[in-house]
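Here are some short exercises to work through with the model open in your viewer. Try each task before you read its solution.

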Amino acid sequence: MSTQPAAGAAGRSASLYIEQVELIRVAMPLKKPFTTSFGTTTARDVVLVRVQAGGAEGWGELTAMAEPLYNEETVETALIILERHLIPLVLGRTFGHPREVSGAWRAVRRHYMAKAALETACWDAWARLKGIPLARALGGDKDRVPVGVSIGIPQSRRIEDLLREIEGFLAAGYRRIKVKIEPGWDVEVAREIRRAFGDIPLMLDANSAYTLEDADHLQRLDEFGLMMIEQPLAHDDIVDHARLQARLQTPICLDESIHSVDDARRALDLGACRIINVKVGRIGGHAAMQDLHDFCRSRGVPLWCGGMLETGVGRLHNVALTTLPGFTLPGDTAGSDRYWHEDIIEPPVSVDGDGTIRVPEGPGLGHAVREDLVERLARERRIFRAEGGTG
Ligand code: OSB
Ligand code: MG
């Protein structure tokens, strides 16, 4: 393989010679537990990926959870896939463009979050090499993105506690409220939110807690004029979702079921959803995100950016991808203070009073990673260098 180092100056032709990849595992306790229909998360076990390429550095974040409850990946399966399969396929290679990186592991099936952690770090390195914001490198053009917030099931299971939380986020300017539901925490919750806050932009996320047998029950949600209901049925289903969508006025948005353009095409052709939540980890990287974006835009399907309780690194990747024109709905890209007392980036991501985040203008992710804090929180670090590399 070719191994010449790349030119580094802005605007010059650049290429990505992958010199070194570092995996840094950090423990990040959440401000408070986050509960969905599949379980409660109290802390994130985060793997940061730092790539050295052509003289620039790029950062990515693994969005897999500690347990295989949202999807089949876990932090530990992703570490194995990264170390034994993905990193060896890119180390010491030169890519003309970050869109080519995923070609290196075309034969590796699934493990989308492991792939995305490494691929997104390469995009950041590329944008820094070119001296442009990641948002521009990805083809985005917004300078602000509107944001919503995802609210878990309260530990107390009291609707008043949920209403108080919603009130706080509305006061902070958030443009859309998403509430997690499960059987026993759904119709009454929607009714009370409408009673308390009127016609706010509201949606529900079930994380696959229902089956088609619940269709009559789910139909009762139609009276609340929801923006959408996210992933009501099985994580691997599109057929039952199509049957359910035919019976609901509320648009279905798929999250867990969509890993590729082909998944989206099949789901849309079947009528399984009308909106898609895009998570760069769930689909394997920014190149896949661009492909899914272009396809959905050509079909007129609204997109928004989902979240996985990311630290600042993943959060900034999400802000950057939301600048693509097909992202027409507020995402789950809340500010750093939604989950963290102290984020690992400087400055943290902040939401302005109008419910938008300003897109960074500096190169790459546009905020610095706080290496001192990462150092303090690091539980494990592993470095992989290209043979004969200078890293
Ligand atoms: O389904 O969108 C989801 C968090 C973890 C796993 C799955 C989901 C979520 C969220 C939170 O809804 C999104 C966020 O604020 O990062
Ligand atoms: Mg979801």
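**Exercise 1.** Which residues in α11 are buried? Bear in mind that this is a predicted model.

*Solution.* Start with the cut-off: a residue counts as buried when its relative accessible area is under 20%. Next, go along the helix: G312, V313, G314, R315, L316, H317, N318, V319, A320, L321 and T322 are buried. Finally, put the count to use: eleven of the eleven residues of helix α11 (residues 312-322) are buried, so this helix is largely enclosed by the rest of the structure.

**Exercise 2.** Find the protein donors of the magnesium ion (ligand 2) and describe how they are placed along the chain.

*Solution.* First, list the donors: D205 (OD), E230 (OE) and D255 (OD) lie 2.1 to 2.3 Å from the ion. Second, write out their spacing in sequence, which is D-x24-E-x24-D. Third, locate one pair: D205 belongs to strand β8 (residues 202-205) and E230 to strand β9 (residues 229-230). These two are 25 residues apart, and the pair links distant parts of the chain. Last, check accessibility: D205 and E230 are both buried.

**Exercise 3.** Characterise the largest pocket and work out where it lies relative to the two domains.

*Solution.* Begin with its volume, about 460 Å³. Its lining has 21 residues, and S102, Y112, I283, G284 and A288 lie nearest the centre. Now look at the elements: those giving two or more residues to this lining are α2 (112-130) and α10 (286-298). Of the elements, α10 gives the most, with four residues. Sort the lining by class and you get eight nonpolar, five polar and eight charged residues. The last step is the position: domain 1 (16-131 + 372-385) and domain 2 (137-368) both give residues to the lining, so the largest pocket lies between them.

**Exercise 4.** What is the volume of the second largest pocket, and how many residues of each class line it?

*Solution.* The volume of the second largest pocket is about 370 Å³. Among the 20 residues that line this pocket, R110, H235, D236, E256 and H259 are the closest to its centre. By class, the lining splits into six nonpolar, seven polar and seven charged residues. To finish, trace the lining back to the domains: at least three residues come from each of domain 1 (16-131 + 372-385) and domain 2 (137-368).

Technical notes:
Residues are numbered from 1 along each chain as its sequence is written. Chains are lettered from A and ligands numbered from 1 in the order in which they are written. This is a predicted model: local features need pLDDT of at least 70, side-chain atom pairs count only at pLDDT 80 or more; totals for chains, interfaces and linings use all residues. Side-chain values use heavy atoms; hydrogens and water are left out. Donors are N, O and S atoms within 2.8 Å of the metal (3.2 Å for Na, K and Ca); water is not among the atoms, so sites may look incomplete. Buried means under 20% relative accessible area, exposed over 50%, partly exposed in between (1.4 Å probe, protein chains only). On a 1 Å grid over the protein atoms alone, a cavity is a set of points where a 1.4 Å probe fits but cannot get out, and a pocket is an open set with protein on both sides within 12 Å along at least five of seven lines; lining residues have an atom within 4 Å of a point. Grid points are joined across faces, edges and corners, and a volume is the space filled by probe spheres set on the points. Ala, Val, Leu, Ile, Met, Phe, Trp, Tyr, Cys and Pro count as nonpolar, Asp, Glu, Lys and Arg as charged, and the others, Gly among them, as polar. Domain bounds come from an automatic or database domain assignment.
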